[in-house]
Amino acid sequence: MDQYCVMGNPVEHSRSPWIHARFAELTGHSLQYSKKLVPLDGFDAAVAAFRAEGGLGCNVTVPFKFDAVRISTSQTPRAQLAGACNTLHLRPDGIFADNTDGAGLVNDIQSNAGFTLAGRDVLLIGAGGASAGVIGPMIEAKVRSITVANRTLAKADDLVTRHAALAQRHGALLLSSELHSVQSPFDVVVNATASSLSGAGVPVSPAVLKPGALALDMMYGPAAAGFMDWARAHLAVPRDGLGMLVEQAAEAFLIWRGVRPPSAQVLAELRATLA
Ligand code: ATR
């Protein structure tokens, strides 16, 4: 049977095997998808071993997304721009790196949450790997502006500089900011910081939320609860990262199998499973 996996450390709580198993069932594809806990210094060897066993693709999660770019033989433009890869396609002619996180976020916001991004002002909190993966696809979704706010301003500046040419091509405004100095209202606020922020600990002013703004945390479950409570308390529409998780997986499935699985159905099933 065709073999796929997710590699990470930690990886035990990954929902990806469940999601890909449902995608396979619903599309009539026959495959196995496992999770592999990879030693922190063992990513290259783990990919080589999996490939030698006939593995066809893997998802890559913390902390290996940068290593995945390094070991690949070619990268899609969106993976290059992100500097990080969450999807490896292990083909006979090479290792192809892609990054489906941004497409996952955009699809979740537009298709699942029903919120159009074109013309919107977006605040992105955080400037790590998670943020890097989503700026390009949001620019391509024709947002009006993205403000990257981060505890360490220099990292926000770096992301803005890296995406400046793409933003210019699409007529999008790209700005960087310190967390506490951002005060203007936004249509969409995305929390891409690594920490699970408690309600009181959300590091930006509630003034950033327009009434009815979409406030999305890339985490889900208890890790997203504080941010979502904060959003709800300030009349925004809270959303967790479960939809982004399913949608980035759907993009990976499309790359590997050539078929787009019914992601909205699988998201609804996953929510029911976790409830
Ligand atoms: P990831 O790949 O998940 O993005 P990362 O690259 O380590 O992880 O980035 C973590 C992000 O969360 C960074 O933007 C980090 O801010 P710094 O660049 O200043 O380190 C942010 N972050 C982590 N803990 C935070 C906290 N307690 N408050 C605010 N931002 C935090």
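Which strands does helix H10 (residues 242-257) lie across? In this predicted model, in which local features need pLDDT of at least 70, side-chain atom pairs count only at pLDDT 80 or more, and totals for chains, interfaces and linings use all residues, helix H10 lies across S1, S2, S3, S5 and strand S6 (94-98) and runs at about 10° to S5. Residues are numbered from 1 along each chain as its sequence is written, and side-chain values use heavy atoms, with hydrogens and water left out.

Helices (H or I, at least four residues) and strands (E, at least two) are DSSP runs numbered from the N terminus. Two strands are taken to pair if DSSP finds at least two bridges between them. Contact means heavy atoms within 4.5 Å. Axes are lines fitted to C-alpha atoms, for helices over the stretch in contact, and angles between N-to-C directions run from 0 to 180 degrees.

One open sheet consists of six strands in the order S2-S1-S3-S5-S6-S4, and its pairing is mixed. At its edges stand strand S2 (31-37) and strand S4 (74-75), each of which pairs on one side only. Within this order, strand S3 (residues 57-60) and strand S5 (residues 87-91) are antiparallel and are joined over three bridges; Gly57 has His89 in S5 as its bridge partner. Helix H1 (residues 16-27) lies across strand S1 (2-8), S2 and S3, at about 175° to S2.

A further open sheet of six strands has the order S9-S8-S7-S10-S11-S12, with parallel pairing. Strand S9 (173-178) and strand S12 (237-239) are its edges; each has a single partner strand, so one side of each is left without a neighbour in the sheet. From one strand to the next, the twist averages 20°. Strand S10 (residues 186-191) runs parallel to strand S11 (residues 209-217), to which five bridges join it, and Asn191 stands opposite Asp217 in S11. Helix H5 (residues 101-112) lies across S10, S11 and S12, with a direction at about 135° to S11. Helix H6 (residues 129-140) also packs on the sheet, where it touches strand S7 (121-125), strand S8 (145-150) and S9, and its direction makes about 170° with that of S7.

The loop between S7 and H6 contains Gly128. This glycine is partly exposed, with a relative accessible area of 31% (buried means under 20%, exposed over 50%, and partly exposed in between, for a 1.4 Å probe and protein chains only). Gly128 and Thr193, 65 residues apart in sequence, are 7.3 Å apart in space, C-alpha to C-alpha.

Two packed helices are described by the angle between their axes and the distance between the axes. The axes of H1 and H10 come within 10 Å and cross at roughly 55°, which makes H1 oblique to H10 (angles under 35 degrees count as roughly parallel, over 145 as roughly antiparallel, 65 to 115 as roughly perpendicular and the rest as oblique). In this contact, Ile19, His20, Phe23, Ala24 and Thr27 of H1 meet residues of H10 including Leu245, Phe253 and Trp256. The contact of H1 with H10 comprises ten nonpolar, two polar and no charged residues (Ala, Val, Leu, Ile, Met, Phe, Trp, Tyr, Cys and Pro count as nonpolar, Asp, Glu, Lys and Arg as charged, and the others, Gly among them, as polar).

H5 and H10 pack at about 120° with their axes 7 Å apart, and are therefore oblique to each other. Among the residues of H5 in this contact are Asp101, Leu105 and Asn112, and those of H10 include Gly243, Met244 and Glu251. By class, the contact of H5 with H10 has three nonpolar, five polar and four charged residues.
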